[in-house]
Amino acid sequence: MSEFILEIGTEEMPARFVPRLGEELVELFERLLSEARIDHGGVRAFATPRRLVAHVSGLGPAQRLEEEIVSGPPVRIAYADGKLTKAGEGFAKTQGVAEADLFVQQTPKGEYLAARKKVGGGRTQDILPGLCLTALKGLNFPKRMKWGSLDFLFGRPLRWVLALLDSDVVPLEIAGLTSGRVTHGHRVLGPGPFAVDSAADYFDTIRDKCNVVLDARERLDLVRAEGDRIAAGVGGSVVWDEGLLLEVANLVEFPRPILGEFARLYLELPAQVLLTSMQSHQKSFGIKGADGNLLPYFLTTLNIEPLDMALVKKGWERVLKARLEDARFFWEADLATDLDEWLARLDHVVFLGPLGSMGDKSRRLEKLCARLAQAIGAPEAPVADMARAGRLAKADLMSALVYEFDSLQGVMGGIYARKKGESELAAQAIAEQYLPAGPDSPVPATLTGALLAIADKADTMAGCFGLGMIPTGAADPYALRRAALGISRIIMEHGLRLPLDEVLRWAQEGYEKSEGYEGVKWKLEPADAQAKMLDFFGQRLRALFASVTDTNGRADSRVADAALGAGFNDIRTLKMRFDALTTFSRQPDFEQAVLTFKRASNIIRKQGSEAGVALSANVDVARLEMDQERVLAESLRESAARFEELWAADDFAGLFAVLGELRPAVDAFFDNVMVMAEDADLRQNRLNILYTLVERLGRLADFSALQV
């Protein structure tokens, strides 16, 4: 068995390009080798800023020989008077078989001419060049580039190609380059070029001569381990940011963490400002002490082993000092500015086209936050504090620090609110208003932050939908999908009793004409816009719940559809119903229970609304003729109060248990009672019994959506 190595040398790629490339190479090579019928012992791939490497071990010398049956034209077309027609001869010629090797194959569509042919057997060395080109062209980049007159797109220009099958060069031409056995190492620590005798020697050459750490995970672990060791030496620990750590690991080929220092006077700045200065501009990490406060140190990662470490360290410190000095200047200037001045300047900042200024938005948030606080009636969310939080929510956009570090919007608003004497509740709300920032981001931890975040997102959605700016396909320039999911997650995780249609209507009313505000001229009528928003929420909620998997990693969209089918205006209750229905769906008799309850739902739908018959929960006990209908009617009557108690207590597991208790009576009813009796009054009474059952079912789930 053979060993194959492919290395593509490039100009430095951005760190965001690198992480996925190794995974894609593995996927592409495994698929292409399988399609080519070439056996192998496994594929590995590596990516650094300057090279992509694919390694295949245990490679078979040739394709597997396999026999396959190829169908041709129908027999009635392939033969005439017992001889092959031109169509039959053409098929035999195309497949490279003699007439004697053709046979008739029976198919569901009739008799067809067919041939057995052997495929495979080609030499691996002859197939690899085309396979490598296909794999490289199949790689995805956030952005591709073209250089010179070459008709080739790639993430960055290519500089060399190494391709070896054992000790033989695999001939490959790409982007004007011809493959060979030469590699290049680290730009400074081992530039090369270095000749590689065989594929088996490649990794030793890369490690020992080129001074390159190929494996991204190994680079990341090196940075983390050495960083922890260095930080412990000054009595601290690294404030690791996993996203930045991954970026750093993909910026270097030879990671060398070092410790830098800065003046203690900069510790007067908020920790968020210090960390953002280090991380955003210097790709460095902060160091914190045992008390959780930052120390006057930072950790950065070099891509070289410098001759004069002190000189390099001094250079990093000088650059960071300039950044921190700017931040300190902005901080002091912001503290000297009154909040009212920032609020006044918001009137000159456009929010979104026809939707007015950021000042208009802050006044809308003031009213909407107060309304939300009143709606939930929670003592920990005073109306006055919530209104003030809404008014000040966007003030920090006018601060110098947020202008410099836009990722700190909201965070700095909360800090400035505290510094300038605002209530702690308002400050917390302002700091958390942009959460959640994505599907993996946490929701606001405080109730006040949750309400402000809902108000902010609902205001944006109401404005955009009113103007007809509704996401289509992949286009969502105003992040409305994220806003809808954010509102939904906040309501669910905080357990808020907020009717969705009311929240959206209140947000729409904020745009109405009022004193000092001209209002907005809508493209969609408010009722139409609200209907579209509710449908939009339904789609987002379905996507969210349909992605929930069980312990075996399986998702069941039927449960999501059934839970949503019973209504989603109360998102808090929807989540609890979904969880209870999910548990119910995993019981052994679930499918039989669904069939029973679906049967009742279908009868009521067909004989009630579709037939124009008015049904009700009024059951005439005097008209109950059979034991089975008496038992079901009595069971429904006796369980009614308990059902309402469980509903009021949000005990949805208990509610589904009640349905389980009712099911034997329902089954007996269907087995023995003729619902559609000839006597109209008797039929109506029996339909009313089922209507009572279905009314309860419909509050929990739409059982008709549960296809079994």
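This report describes two sheets, the helices that pack on them, and one further helix.

This is a predicted model, where local features need pLDDT of at least 70, side-chain atom pairs count only at pLDDT 80 or more, and totals for chains, interfaces and linings use all residues. Residues are numbered from 1 along each chain as its sequence is written. Helices (H or I, at least four residues) and strands (E, at least two) are DSSP runs, numbered from the N terminus.

One open sheet has five strands in the order E2-E3-E1-E9-E10, paired antiparallel. Two strands pair if DSSP finds at least two bridges between them. Its edge strands are E2 (42-48) and E10 (168-169), each paired on one side only. Seven bridges link E1 (residues 2-10) to E9 (residues 158-165). Phe-4 faces Leu-165 in E9.

A second open sheet has four antiparallel strands, ordered E15-E17-E18-E16. E15 (237-238) and E16 (256-261) each have a single partner strand, so one side of each is left without a neighbour in the sheet. E15 and E17 (residues 285-288) are joined by two bridges. There, Ser-237 has Lys-288 as its bridge partner.

Helices lie across both sheets. Angles run from 0 to 180 degrees between N-to-C directions, with axes fitted as lines to C-alpha atoms, for helices over the stretch in contact. Contact means heavy atoms within 4.5 Å.

| Helix | Strands | Angle |
|---|---|---|
| H1 (residues 18-35) | E1, E2, E3 | about 155° to E2 |
| H4 (residues 124-137) | E1, E3, E9, E10 | about 35° to E1 |
| H6 (residues 216-232) | E15, E16, E17, E18 | about 35° to E16 |

Helix H15 (residues 424-432) is covered by elements including H12 (383-392), H14 (411-419) and H16 (447-466) at its buried residues.

How values were computed:
Heavy atoms only, no water.
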